[in-house]
Number of protein chains: 2
Amino acid sequence: MTAVKESSTRNFNKGVALTSCPVTFVMEKIGGYWKPIIIFHLMSGPKRYSELKRAIPQITEKMLIQHLKQLQNDDLVHRDAQAVIPPVVTYSLTKSGEDLFQVLDSMVDWAIKNGSV
Amino acid sequence: MTAVKESSTRNFNKGVALTSCPVTFVMEKIGGYWKPIIIFHLMSGPKRYSELKRAIPQITEKMLIQHLKQLQNDDLVHRDAQAVIPPVVTYSLTKSGEDLFQVLDSMVDWAIKNGSV
DNA sequence: ACAAGTACTTACCCCAAAGTATGTAACTAT
DNA sequence: ATAGTTACATACTTTGGGGTAAGTACTTGT
């Protein structure tokens, strides 16, 4: 157990910045490499786990379920599992998840304007 | 020198995903804890280094200049230094930086709607 | 003489995110 | 019998972002 100072900036952020800065709030939800990509693929409709895997070949299975779980916890993605064998698990965006379209869209706009692709 | 496998997902991303996914492109520019906050503070006009420091008390000086440098390299922020003593260095948003307003704004919208603050 | 302010720089540490590799349960098709 | 499919789980390692602490050069105020 390595102690973390009570007064560290990290702790301060966890308590204050994350809840008071809306942009950081969003980053916490869709930040990282894979989340926006997963969300993007779910924008075109619900997908099975294996479909997502094929749609994003570079992602490892660990990263895929890990992020799907986090997205569920953040109520951006809904998981529907059918109790059949082989299992059929379908992921879809929640209302909050769908609402992210505006955010991703403005990002794409900016990227196009500013030298990407 | 620890070798990194040629075929690692990371390398693949550096070469492909970063340039082909606009959202990831944006994340690379404004991702992380401090960049959006710094940009936010520059939205209200040019600021001196020390002004930024006072405006964001939790940030360390190392993080502040580090990110200011990265923002310069990404052409989001402009640095203006006057050769006087004590030094006067002013940071301001470039056109690209100002254009980020739409992106940050849509993030704030979403955050308000979805349970932050 | 020396503290204080300005805009940094440098060395070092820590941890969480990301990646690698492998295993599992339950069934189906050959 | 055994290979394949589906949707995961788990142990281990790496790496980069972020943090701490301290120092620098130059000048002004007391």
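This passage walks through a predicted model with two chains, A and B, starting with the sheets and ending with the contact between the chains.

Chain A is a good place to begin. Its three strands make an open sheet in the order E1-E3-E2, and the pairing is antiparallel. Strand E1 (47-48) and strand E2 (77-82) of chain A sit at the edges with a single partner strand each, so one side of each has no neighbour in the sheet. E2(A) is joined to strand E3 (residues 88-93) of chain A by six bridges, and the two run antiparallel. One of the facing pairs here is Ala81(A), which stands opposite Val89(A) in E3(A). Helix H5 (residues 61-73) of chain A lies across E2 and E3 of chain A, and it runs at about 115 degrees to E2(A).

Thr90(A) gives a handy view of how this sheet is put together. This residue belongs to strand E3 of chain A. With its neighbours within four places in sequence left aside, Thr90(A) is in contact with Pro46(A), Lys47(A) and Arg48(A), and also with His78(A), Arg79(A) and Asp80(A). Thr90(A) also shows how folding can bring together residues from separate parts of a chain: Tyr49(A) is 41 residues away from Thr90(A) in sequence, yet their C-alpha atoms are 6.4 Å apart in space.

The loops of chain A have some details of their own. In the loop between H5 and E2 of chain A sits Asp75(A). The phi angle of Asp75(A) is near 60 degrees, which is a positive value in a residue other than glycine. Asp74(A) forms a salt bridge with Lys29(A), and the closest N and O atoms are 3.5 Å apart. Asp74(A) is in the loop between H5 and E2 of chain A while Lys29(A) is in helix H2 of chain A, so the pair ties together parts that are 45 residues apart in sequence. Over all chains, a search of the whole structure turns up six salt bridges. Moving on to the loop between E2 and E3 of chain A, Pro86(A) is found there. The peptide bond that leads from Ile85(A) to Pro86(A) is cis, with omega near -5 degrees.

Now for chain B. Here, three strands form an open sheet in the order E1-E3-E2, with antiparallel pairing. The edges are taken by strand E1 (47-48) and strand E2 (77-82) of chain B; each has a single partner strand, so one side of each is left without a neighbour in the sheet. Helix H3 (residues 35-43) of chain B packs on this sheet and touches E1, E2 and E3 of chain B, with a direction that makes about 95 degrees with that of E3(B).

E2(B) and strand E3 (residues 88-93) of chain B run antiparallel and are joined by six bridges. Together, E2(B) and E3(B) form a hairpin with five residues between them. Facing pairs include Val77(B), which stands opposite Leu93(B) in E3(B), and Arg79(B), which stands opposite Tyr91(B) in E3(B). In the loop between E2 and E3 of chain B lies Pro86(B). A cis peptide bond links Ile85(B) to Pro86(B), with omega at about -5 degrees.

That leaves the meeting of the two chains. The contact draws on 38 residues from chain A and 39 residues from chain B. Between them, chain A and chain B bury about 3,400 Å², and 74% of this is on carbon and sulfur atoms. Tyr33(A), Met107(A) and Trp110(A) supply 21% of the area that chain A buries against chain B, which is more than any other three residues.

As for polar links, the rule finds zero salt bridges across the interface of chain A and chain B, but six residue pairs are in polar contact there, both residues being at pLDDT 80 or more. On the side of chain A that touches chain B, the elements giving two or more residues are helix H1 (9-20), helix H2 (22-30), helix H3 (35-43) and helix H6 (95-113) of chain A. H6(A) gives the most to this side, with 12 residues. Sorted by type, the residues on the side of chain A that touches chain B come out as 22 nonpolar, 12 polar and four charged.

Notes
Residues numbered from 1 in each chain as written. Chains lettered and ligands numbered in written order. Predicted model: local features only at pLDDT ≥ 70, side-chain atom pairs only at ≥ 80, totals over all residues. Heavy atoms only, no water. Pairing = 2+ DSSP bridges. Helix = DSSP H or I, 4+ residues; strand = E, 2+ residues; numbered from the N terminus. Contact = heavy atoms within 4.5 Å. Axes fitted to C-alpha atoms, helices over the stretch in contact; angles between N-to-C directions. Buried area = accessible area lost by both parts, 1.4 Å probe. Salt bridge = Lys/Arg side-chain N within 4 Å of Asp/Glu carboxyl O. Polar contact = N/O pair within 3.5 Å; in protein donor to acceptor, adjacent residues only side chain to side chain. Nonpolar A, V, L, I, M, F, W, Y, C, P; charged D, E, K, R; others polar.
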